[in-house]
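Colleague: I would like to learn how to read a structure of this kind feature by feature, beginning with a single helix and working outwards. Could we go through it together?

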Amino acid sequence: MLLGMPQPESVTEADLPALLRHLAHPGAAARWEARARPGKHAREPWSHVTEDARASVRAAYAALLRERVTERSPDVALNPPTVHYWEPDVPAPGGCLLCGVAAVTVAAAQVARLGGREAAQAVAWRPLSTSAANLGGPRGPVRVTGHVCPPCDDALASVGAVGPTALERALAEHLTATGRESAAQRFRAALAQTVGKVPGLTGWGALFYTARARNVAPPRPNAAPWAHLDLSELSA
């Protein structure tokens, strides 16, 4: 065998997606027909494979083994990546600009599949730069820059813009997802009778922006989404 390791005793249908994902490309490059010349043959099995090609196959196989190991590992909590911004914008690191949550949970196998923690962070958290006013905060000349978590990103995508409607959608969806459908219904009913933004509905990024503007300690990221708000008042 190319890697000098015994072949597995069996391969199930469930194994095929990972095998193809990791080994299809480097394996194809190691085939004899990929380098065959008319009238030529390999002196020994796999002797036609270059060291670079062997290294690619070994790396792919190692990634496959890591993924298999992580299938039995606990989920991974991923914090937002480093915030990249242009001055004078205000960076708001550590939490989702909308709900303020400090980390999202991703299956360990998915983290391995994406190439590790840093790559998984970049996939899970989307960069966002917007005005504090769009997050329910005060108007100002500079923007607040950070990241949004997947549920809040979905709300932004469904609305199409950052603003009160996106905040309302994100909070309502959070209430539903956490088993508080009756609270979500009351909240949506209150929205139908509200003109403009809902009083008290403020994104975490706006609180961070305001604290920086006042030169006071900014709020810490939330252990749970929207923990910076009194949800009993908003959904009453």
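Colleague: Which residues are buried in H8?

Modeller: Please keep in mind from the start that this is a predicted model. A residue is called buried when its relative accessible area is under 20%, and in H8 that applies to Ala183, Ala184 and Phe187. Seen down the axis of H8, these buried residues fall within an arc of 100°, so they line one face of the helix.

Colleague: How many residues does helix H8 have, and what distance does H8 reach from its first C-alpha to its last?

Modeller: Helix H8 covers residues 181–192, which is twelve residues, and from the first C-alpha to the last it reaches 17 Å, close to the 16 Å expected at 1.5 Å a residue.

Colleague: Let us turn to H5 and read it in the same manner. Which residues of H5 are buried, and which are exposed on the other side?

Modeller: Helix H5 comprises residues 117–124, and its buried residues are Ala120, Gln121 and Ala124. They cover an arc of only 105° around the axis, which puts them on the same side of H5. On the other side of H5 one finds Glu118, Ala122 and Val123, which are exposed.

Colleague: What do the buried residues of H5 pack against?

Modeller: They pack against strand E1 (76–78), strand E3 (104–106), helix H4 (108–114), E4, strand E5 (143–148) and H6.

Colleague: Gln121 caught my eye in that group. Is Gln121 buried or exposed, and which residues does Gln121 touch?

Modeller: Gln121 has a relative accessible area of 14%, and therefore counts as buried. Leaving aside residues up to four places away in sequence, Gln121 touches Leu78, Asn79, Pro80 and Pro81.

Colleague: Leu78 appears there as a partner. Which residues does Leu78 touch?

Modeller: With residues up to four places away in sequence again not counted, the contacts of Leu78 include Ala102, Ala103, Val104, Val106 and Val111, and also Arg117, Ala120, Gln121, Ala124 and Trp125. Two of the buried residues of H5 named above, Ala120 and Ala124, are thus among the residues that Leu78 touches. In the largest nonpolar core, which has 43 residues, Leu78, Cys96, Leu98 and Trp226 touch the most other members. The largest share of this core, six residues, comes from helix H7 (residues 164–177).

Colleague: I should now like to look at charged side chains. How many salt bridges are there?

Modeller: The general idea is that side chains of opposite charge can pair when their charged atoms come close. For this model the count comes to three salt bridges, with a nitrogen-to-oxygen cut-off of 4 Å. In one of them the side chains of Arg126 and Asp153 meet, at 2.5 Å from N to O. This pair links distant parts of the chain, since Arg126 lies in strand E4 (residues 126–131) and Asp153 in helix H6 (residues 150–159), 27 residues apart. Arg126 is partly exposed, with a relative accessible area of 33%, and Asp153 is partly exposed as well, with a value of 22%.

Colleague: Which residues are linked in a network of salt bridges?

Modeller: The network links Glu173, Glu181 and Arg188. Arg188 forms a salt bridge with Glu173, where the closest N and O atoms are 3.6 Å apart. Arg188 lies in helix H8 and Glu173 in helix H7, so the pair ties together parts that are 15 residues apart in sequence. Glu181 also forms a salt bridge with Arg188, and here the closest N and O atoms are 3.9 Å apart. As for accessibility, Arg188 counts as partly exposed at 33%, Glu173 counts as partly exposed at 41%, and Glu181 counts as partly exposed at 31%.

Colleague: To finish, let us step back to the whole chain. How many helices and strands does the protein chain have, and what share of its residues counts as buried?

Modeller: The secondary structure comes to ten helices and five strands, and 36% of the 236 residues count as buried. Among contacts with a separation of 6 or more, 69% are accounted for by residues 24 or more positions apart. The accessible surface of the protein chain comes to about 14,100 Å², of which 54% belongs to carbon and sulfur atoms.

Technical notes:
Residues are numbered from 1 along each chain as its sequence is written. This is a predicted model: local features need pLDDT of at least 70, side-chain atom pairs count only at pLDDT 80 or more; totals for chains, interfaces and linings use all residues. Side-chain values use heavy atoms; hydrogens and water are left out. A nonpolar core is a set of buried Ala, Val, Leu, Ile, Met, Phe, Trp, Tyr and Cys residues joined through side-chain atoms within 4.5 Å. Buried means under 20% relative accessible area, exposed over 50%, partly exposed in between (1.4 Å probe, protein chains only). Helices (H or I, at least four residues) and strands (E, at least two) are DSSP runs, numbered from the N terminus. Contact means heavy atoms within 4.5 Å. The expected span of a helix is 1.5 Å times one less than its number of residues. The arc is that of the directions from the helix axis to the C-beta atoms. Accessible areas come from the Shrake-Rupley method with a 1.4 Å probe; for residues, only the protein chains shown count as cover.
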